[in-house]
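User: I want to learn how to read packing and strand pairing in a model. Can you walk me through it?

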Amino acid sequence: ILQNNIQSIRKSETREELFVSLMENDIQIALLQEIWLKTGEPFRMKNFDLISRRREAGYGGVGILLRNDVVFKELSIPELNPIEIVGVTVENLAGFEKVNLISVYWPPSRTMDSSARNKLEQMFTFIDGLEGEVIISADLNAHHPNWSPNPTICSRGRITNALIEQSNVILLNDGSSTRVTPPGGNDSAVDITLATAGIARKTAWAVKTEEFGSAHLCVWLEIEDQIPVVPRTFRRINKQQVVDKLNQIRPQYIYTPEEMVEVFNDTVESSTFSFKNKKANFLKNWWNEEINALYQRKREILRNYNKNKTRTNYIQLQKERAKFKRAVRREKRKYVQELTEKIDENTPARQLWNIIKGVDTALTETAKGKTEINLEKGKEFMEYYFGGKLKHVQQPTGSPETDLDEYGMALQHGELAKALRNKKTTSAPGENNISYDILKKLNPDMQEKVFEMLSKVFVEENIPDRWRISSIKPIPKKGVDPNLPNSRRPIALMNVEMKLINSVIKDRLAEIASLKGIIPELSFGFRKNVSATTSISYIVNTIKDAKENGQKTAVAFLDVKMAFDSVDLGILLTQLTSFGVPEKLVTWLYEYLKQRVVTLDTTEGRVEMEVSEGLPQGCPLSPLLFNVYTAKLHQLSNGKCILVQFADDFAAIALGETIEVACENLNNFLPLLSEGLTSLNLSINTKKSAVIPFTNGNIDHLRVKLHVLSFNVQIEHGSQHSGTEFDFGFVA
């Protein structure tokens, strides 16, 4: 989209120059002010339609040029004289069902009286009431530093700025001058662009060194549904400033965890600022050496042109701009493609965490990574994953083993210091924006105070409300209908204070599990010295050994549906007590897990829900607790099957003299496993589960149906387990 105060398209030379620019740059729509056409005066431009509002005597006036292939409908706009306004609704523009495009002009000769102010207020009220997204191109002859490089504020600018802040639209201007100023003149920007939040996030705004005879430069609006665009203005935290301010505080005056929370909150807030990035529409992820070289070359040519405005220099500028633009588009497409391929339903958690730091700025809906979501879909998303997960849980009672009492003592400085040292400084912070990096840079006295307060929270079991909050980031799934509530995967960001406490608890619980042999030998996930590779090696060796002994093998690769989210807190606490875990640790887990808060920030506000069920994502304790929760499944046996586990992936291995016998043995075992899973509030995801008969023979005659939770898991030629692909021909 092109925006320009053209000051007459009556002149043939101006009209032809505009046409060439529109065609060469593949511009579909032009939002124009001061078209200077008289009422009833004929106007024609090949391949374009004009919708306009004109004056009887010419001058002034506004118009919208739309290419013939654009489907549009003219807006019915009330009379707002002296404001001149025209608008259209375009369907299916850049992925949006409806986009309202409006061109506005307010002549400088009209005084700013109460009547004019009322008309301006009516205009914003009308715009806020429109259905769909809105883009407004306006020359209001209003001056304000929020959109102009000139600090001057006029009455129009003050009133216009106030109305913008109260409305649903966002200012897209980045402070660049939109006028060609004579030598010694002051740069200014009276040409402003406003847009609603949805389309604003996908719109790149830029002033071009191009004009059609007026003193106004062209503004280009690139609306891309495939190219990611970061916000022009956003809030950023100065981490070093946070550290410096915290280190200046006398820790002896912090007496309670609540006081520490308040100190941290105030410090972060005072170290947060609005950041205006004039290069905000360029993503660092794809800003490579080639792009940077072209960018610097373009700037050099632009500076040369400003010093010596010859035609040769102007042509050279256009060439360099075209080179830069082509390179940017190529790298953006390449980046989006790579990102799309990286994220799908099977993306490892570690890879997602590597992406999460830049997720808000690096991903879009089409790239399957955009985290922005509207309020309605946000509520559906949260209800799908977290709805009905707040239940009253009774704390179990039991007599702990006295020889394990030491594991329930207060958290020690050394334990917390070790936990903090082992954390990566690049880990994303939680909802309160305190990061491991900040905690590591605190002076010894302040760090000691932090550890003291963390231990106090554990001992007193009085968790500050803000530490219970996890911020949810919705990551779109590849190949899933975006209208479905489960089209996104939730990624939770916990506050690091709680993660440090639970890291120490995890180490203590892991020692207890090792001492008492709680975790089964064939549960390979999240244990020291074992991994997914260990799990896969065990399965492979079992199949090989069976072949060497003349036996056949059938393996059911089973995926548990929403496994971590389905953990029942009451059952988990009962199991921990039955395993002899000290009462203090069980009580802590009860106090922490029974009331957690998950929040999702949408484009129209925050969605907040309380949960007690499921294991919190991002919590250091969750993997170990899941191993404990599912430990008793490994006691199930029909004497002819082996159960292997890695996290929420299970493999049931059955042996037999023939492949038919192996399948029958498996068929007899799976109901036992199904009952065990049901007793834990877990279920098999049949769409991601399969049975593979490992044999050199033909498997087409096998028609064994394996009944799991009233569903059928069919025999397949291949399946994936712990990220590794298995197929029936493996034994060959």
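**Reading the core and a covered strand**

Analyst: Start with one residue. In this predicted model, Ile-501 touches Leu-411, Leu-454, Val-457, Trp-467 and Trp-588, leaving aside residues up to four places away in sequence.

User: What is the general idea behind such clusters?

Analyst: In soluble globular proteins, nonpolar side chains tend to be buried together. Now the case here. The largest nonpolar core has 89 residues. Trp-467, Ile-501, Leu-576, Trp-588 and Leu-666 touch the most other members.

User: Which helix gives the largest share of this core?

Analyst: Helix α15 (residues 496–516) does, with nine residues.

User: Where does this core lie relative to domain 2 and domain 4?

Analyst: Between them, because both domains give residues to it. Domain 2 covers 239–248 + 371–519 + 567–619, and domain 4 covers 520–566 + 620–731.

User: Which residues does the second core include?

Analyst: Among its 28 residues are Trp-106, Leu-120, Leu-130 and Val-169. This core is separate.

User: Now strands. How many residues of β4 are buried?

Analyst: Check each residue against the burial cut-off, under 20% relative accessible area. For β4 (residues 62–67), six of six are buried. Then split the strand by face. Val-62, Ile-64 and Leu-66 are buried on one side. Gly-63, Leu-65 and Arg-67 are buried on the other.

User: Which strands pair with β4?

Analyst: Look for bridges, then direction. β2 (residues 29–33) pairs with β4 in the antiparallel sense over five bridges. Leu-32 stands opposite Gly-63 there. β3 (residues 48–53) also runs antiparallel to β4, joined by six bridges. In that pairing, Ile-51 stands opposite Ile-64.

Key:
Residues are numbered from 1 along each chain as its sequence is written. This is a predicted model: local features need pLDDT of at least 70, side-chain atom pairs count only at pLDDT 80 or more; totals for chains, interfaces and linings use all residues. Side-chain values use heavy atoms; hydrogens and water are left out. A nonpolar core is a set of buried Ala, Val, Leu, Ile, Met, Phe, Trp, Tyr and Cys residues joined through side-chain atoms within 4.5 Å. Buried means under 20% relative accessible area, exposed over 50%, partly exposed in between (1.4 Å probe, protein chains only). Helices (H or I, at least four residues) and strands (E, at least two) are DSSP runs, numbered from the N terminus. Domain bounds come from an automatic or database domain assignment. Contact means heavy atoms within 4.5 Å. Two strands pair if DSSP finds at least two bridges between them.
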